[in-house]
Amino acid sequence: MPNTQVRSVTSAGEVNRPKRSRLRARIYRWGLSLLAVLVLGILVFLLVPSPIQPAKWLAPTAPSFEETGPWKQNRKLSSAQLVTDAPQFPEFITFDKAGQLYTGDSDGKIYKVPFDAEGNPQKAQLFADTKGTPNGLIFDAKGDLIVTDIKRGLLSINPSGNIEVLADQVDGKPIYLANELDIAKDGSIYFSDTSNYGSVTFKEIAENKPHGRLLKYDPKTKQTTVLLENLYFANGVALSADEDFVLVAESYRYQLTRYWIKGPKKGTSDIFADNLAGFPDNITRDDQGHFWVGIYTTRISFVDQMHSNPWLASTMAKLPESLLSGASAPAKHGLAVELSPQGELIGSWHDPEGKLYGVTTAVSHNGYLYIGTAPGGSKGVHRVLLTK
């Protein structure tokens, strides 16, 4: 009897052993197949041509926020108060002669915000809807609101809210992405055409080549001309107090470029300010002739590394855009800077905690600095007292 039990146990073990062996063999084959598919997928991905041919660029070392100087980190923006949250992403901010605030949102709507006698903001009112994406907006001498809409071009909106397209082409080609503007005393409108990509895309950052333009619209002739080409993501625009030059931000080069309108340098350009601590967005000018620049995001180390490595850039550009949005998302560090009329950095305004970030616009008005943002950043119009 004992011998029979031993044989039975042994027999069962011999039966189970081949089953386990077959299972292990099956798992091994599945693993090899999965590994082969993975390796094949990687090889195909690497062999597929990139949609771009990146240019190599060694970005200058970013200014330090720790060292004593105008870039030193502070919390000047941390106390910012909400003015209105009706527009989620108020890209640009302007005021009419009555002191009412106007701003656009990414869904096409333009809002008006009145203030009471004590300067407190009242409920936002819908002023117009461009059915596009209004970015820059400034009133002209007639009281019409001139708007750069990234989907529709250069627009004019009268006090009743009626919209007229002033320009959507130049030299027989589309205005691809009308972004920001300023208006001279003679009515001339200077505005940026950000990129012939026609949209903000990671591939353009990776490619690291210039696709933007600075344009001028003459309201007398109704003609649009190209002043500057080959700009690296042409963005904010602002005239000097004397209107002898106009600035345009080149976001992907961390710099502001100056185009001379008058004087011996007329028709030429040079660098007004460079090696900014992030991506400059909109530019405004205050009553002192100083320029305020919103910094959409501080430097992104991965982007600088990618610019120095074209292979990495071309490989990243093969990925779907939906997977790359996080790579260029703004850092949660609010930042705006003030520059002298000569381009010297006067000071920087920070929110290192990131309550306010993705800053596109800083506008000095009636003792406050008004802050606008863009998608990816914080929401709503904010303001902070201008104490230095």
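**View 1. T194 is a buried residue in a loop.**
T194 has a relative accessible area of 0%. Buried means under 20%, so T194 meets the cut-off. The model shown here is predicted. Find T194 in the loop between β13 (189-193) and α2 (202-207). What does the side chain of T194 reach? It reaches the backbone oxygen of A234, at 2.6 Å. Now set aside the neighbours of T194 within four places in sequence. T194 is then in contact with L177, N179, H211, G212, F233 and A234. A234 thus appears twice in this view: as the residue whose backbone oxygen is reached, and in the list of contacts.

**View 2. A UniProt feature spans residues 179-264.**
The UniProt record, an unreviewed entry, names this feature "domain: Strictosidine synthase conserved region". How much of this stretch is helix, and how much is strand? Over residues 179-264 the chain is 7% helix and 51% strand. The end C-alpha atoms of the stretch are 29 Å apart.

**View 3. Strand β4 pairs with β3 and with β5.**
Start with β4, residues 109-113. This strand is mostly covered, with four of its five residues buried. Strand β3 covers residues 101-104. β3 and β4 pair in the antiparallel sense, over four bridges. Which residue of β4 stands opposite G104? The residue is I110. Next, look at strand β5, residues 125-129. Four bridges join β5 to β4, and these two strands also run antiparallel. Here Y111 has L126 of β5 as its bridge partner.

**View 4. A hairpin turn joins β3 and β4.**
Four residues lie between the two strands of this hairpin. One residue to pick out in the turn is G108. Its phi is positive, at about 105°.

**View 5. Y102 and F127 form an edge-to-face aromatic pair.**
The count of aromatic pairs comes to 15. In the pair shown here, Y102 and F127 sit 5.3 Å apart, centre to centre. The angle between their planes is 90°. Where do the two residues lie? Y102 is in strand β3 and F127 is in strand β5. They are 25 residues apart, so the pair links distant parts of the chain. Are the two residues buried or exposed? Y102 is buried, at 5% relative accessibility. F127 is buried too, with a relative accessible area of 16%.

**View 6. F272 and F291 form another edge-to-face pair.**
The ring centres of F272 and F291 are 5.7 Å apart. Their planes meet at 85°, so the pair counts as edge-to-face. F272 lies in strand β19, residues 269-273. F291 lies in strand β21, residues 291-298. The pair therefore ties together parts that are 19 residues apart in sequence. F272 is buried, with a relative accessible area of 6%. F291 is buried as well, with a value of 1%.

**View 7. Five rings join in a cluster, and charges sit over two other rings.**
Which residues make up the cluster? Ring pairs link W57, F233, Y252, Y254 and F279. F233 also appears among the contacts of T194. Turn next to R253. The charged end of R253 sits over the ring of Y232, 3.9 Å from its centre. R258 lies over the face of F245, at 5.5 Å from the ring centre.

Technical notes:
Residues numbered from 1 in each chain as written. Predicted model: local features only at pLDDT ≥ 70, side-chain atom pairs only at ≥ 80, totals over all residues. Heavy atoms only, no water. Buried < 20%, exposed > 50% of the residue type's maximum accessible area, 1.4 Å probe, protein only. Pairing = 2+ DSSP bridges. UniProt positions renumbered as here; feature names shortened; annotations may be inferred. Polar contact = N/O pair within 3.5 Å; in protein donor to acceptor, adjacent residues only side chain to side chain. Contact = heavy atoms within 4.5 Å. Phe/Tyr/Trp six-rings, centres within 6.5 Å; stacked < 30°, edge-to-face > 60°. Lys NZ or Arg CZ within 6 Å of the ring centre and 35° of its normal.
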